[in-house]
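Please read the sequence and the model shown here side by side. The explanation after them goes site by site.

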Amino acid sequence: MLKWGALTVALFCTLTLHAADNNPFFFKKNNPKPQPATNIHIPVVLPQSAVIVVPFYTPSSQQNIPVILADGDYRMLHFGGLPEEYELWDESIINPYGVRLVEMQDTIKIDMRGYFPPVQKYVTSNFGFRRGQFHYGVDLKVHKGDTVFCAFDGQVRLVNYQRRGYGNYVVVRHNNGLETLYAHFDKTLVAIGQMVKAGEALGMGGNTGRSTGYHLHFETRYLGNVINPNDLYDFEEYRVKDDIFWLSAANFEYVKEVEKIRFWTVRQGDSLSKIASRTGVSVARLCALNNIRQTTTLRIGQRIRYT
Ligand SMILES: [Zn+2]
């Protein structure tokens, strides 16, 4: 299948050479020494005389991405292979990897090229703390039935439903090592295991699961660890912030804040003042942390954040 794909693409590219400008996945045959990457921001220009060979961009061929320079020379961008944890392919759990990246030592280089914005709408709710809970994605406005597109090439790993959470949602494993999650679909349009391209329709905008109003909840993860989408994407310009993303422990600093959170579970007879005296946190602070008022009636079993 790869061969046929490569042949088809090679033929297509030969016929439409002029359209291949800026496509980084080409290199010149019999070119001498690959140059080490020195500046990743050099624009890629394909010389008209180039002989086209298309290395398929799959995890196994991801190690070295050749880039043609304006003078016809080329250099190699070196990408680390995908981590071995990705040998695990689970079709029911969003994060089956059990990896904690907040203490990782490495810096991982991620190829962000080929991004397609899932929707071209504004952010309605951002990543971060929200009413005492941590919101792990960004919410983007959609209307019912709006098409939601896949962000990068990859393979659908989950198509699932959570009544009290994500509603109808899809998780895609991408060739660059990222995984993206799209939630609250009215209807999903893909199946588990399906190969998808950036810009391919994944589902239709909806309001399913724990959602008030039509929106897309969009997350990006690496080995199950959530990355702040604002580190990666510009949601006003509908593009990635850079062609290369350097992922390090610094991107997971927020985890330390999340882990500081403590909850008090409301029991029979509890009141805000009682919780305040038990936890040593003032009523005003409890109200602020939980976005409630002093007069709010507490429900038994309700979780009140106190740090
Ligand atoms: Zn959300």
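The paragraphs below treat a metal site, a sheet, an aspartate and two backbone angles in what is a predicted model.

Start at the metal. The zinc ion is coordinated by NE2 of H135, OD of D139 and ND1 of H217, at 2.0 to 2.1 Å. Along the chain these donor residues follow the spacing H-x3-D-x77-H. H135 belongs to strand β7 (residues 133–135) and H217 to strand β16 (residues 215–222), so this pair ties together parts that are 82 residues apart in sequence. Both of these histidines, H135 and H217, are buried. Water is not among the atoms, so a site such as this one may look incomplete.

Next comes the sheet. Three strands form an open sheet in the order β9-β15-β13, and their pairing is antiparallel. The edges are held by β9 (147–149) and β13 (187–188); each has a single partner strand, so one side of each is left without a neighbour in the sheet. Between β13 and strand β15 (residues 201–204) there are 2 bridges, and the two strands run antiparallel. One residue pair can be named here: K187 has M204 in β15 as its bridge partner.

Now turn to a charged residue. D90 sits in the loop between β3 (74–78) and β4 (108–111). Which side chain of opposite charge is nearest to the buried D90? It is that of R157, 4.8 Å away, and D90 has no salt bridge. The cut-off for a salt bridge is 4 Å, so a distance of 4.8 Å does not qualify. D90 does have a polar atom in its side chain that lies 2.7 Å from the backbone nitrogen of I93. Leaving aside residues up to four places away in sequence, D90 touches P96, R157 and L158. R157 is therefore in contact with D90 without forming a salt bridge to it, since contact asks for heavy atoms within 4.5 Å of each other and is not limited to the charged atoms.

Two residues remain, both picked out by their backbone angles. H184, found in strand β12 (residues 178–185), has a phi near 75°, a positive value in a residue other than glycine. Is H184 buried or exposed? H184 is buried, and its relative accessible area is 4%. L223, likewise not a glycine, has a positive phi of about 50°. L223 is located in the loop between β16 and β17 (225–227), and with 4% relative accessibility L223 counts as buried. The strand that precedes this loop, β16, is also the one that holds the zinc donor H217.

Notes. Residues numbered from 1 in each chain as written. Predicted model: local features only at pLDDT ≥ 70, side-chain atom pairs only at ≥ 80, totals over all residues. Heavy atoms only, no water. Donors = N, O, S within 2.8 Å, 3.2 Å for Na, K, Ca; no water. Helix = DSSP H or I, 4+ residues; strand = E, 2+ residues; numbered from the N terminus. Buried < 20%, exposed > 50% of the residue type's maximum accessible area, 1.4 Å probe, protein only. Pairing = 2+ DSSP bridges. Lys, Arg positive; Asp, Glu negative; His and termini not counted. Polar contact = N/O pair within 3.5 Å; in protein donor to acceptor, adjacent residues only side chain to side chain.
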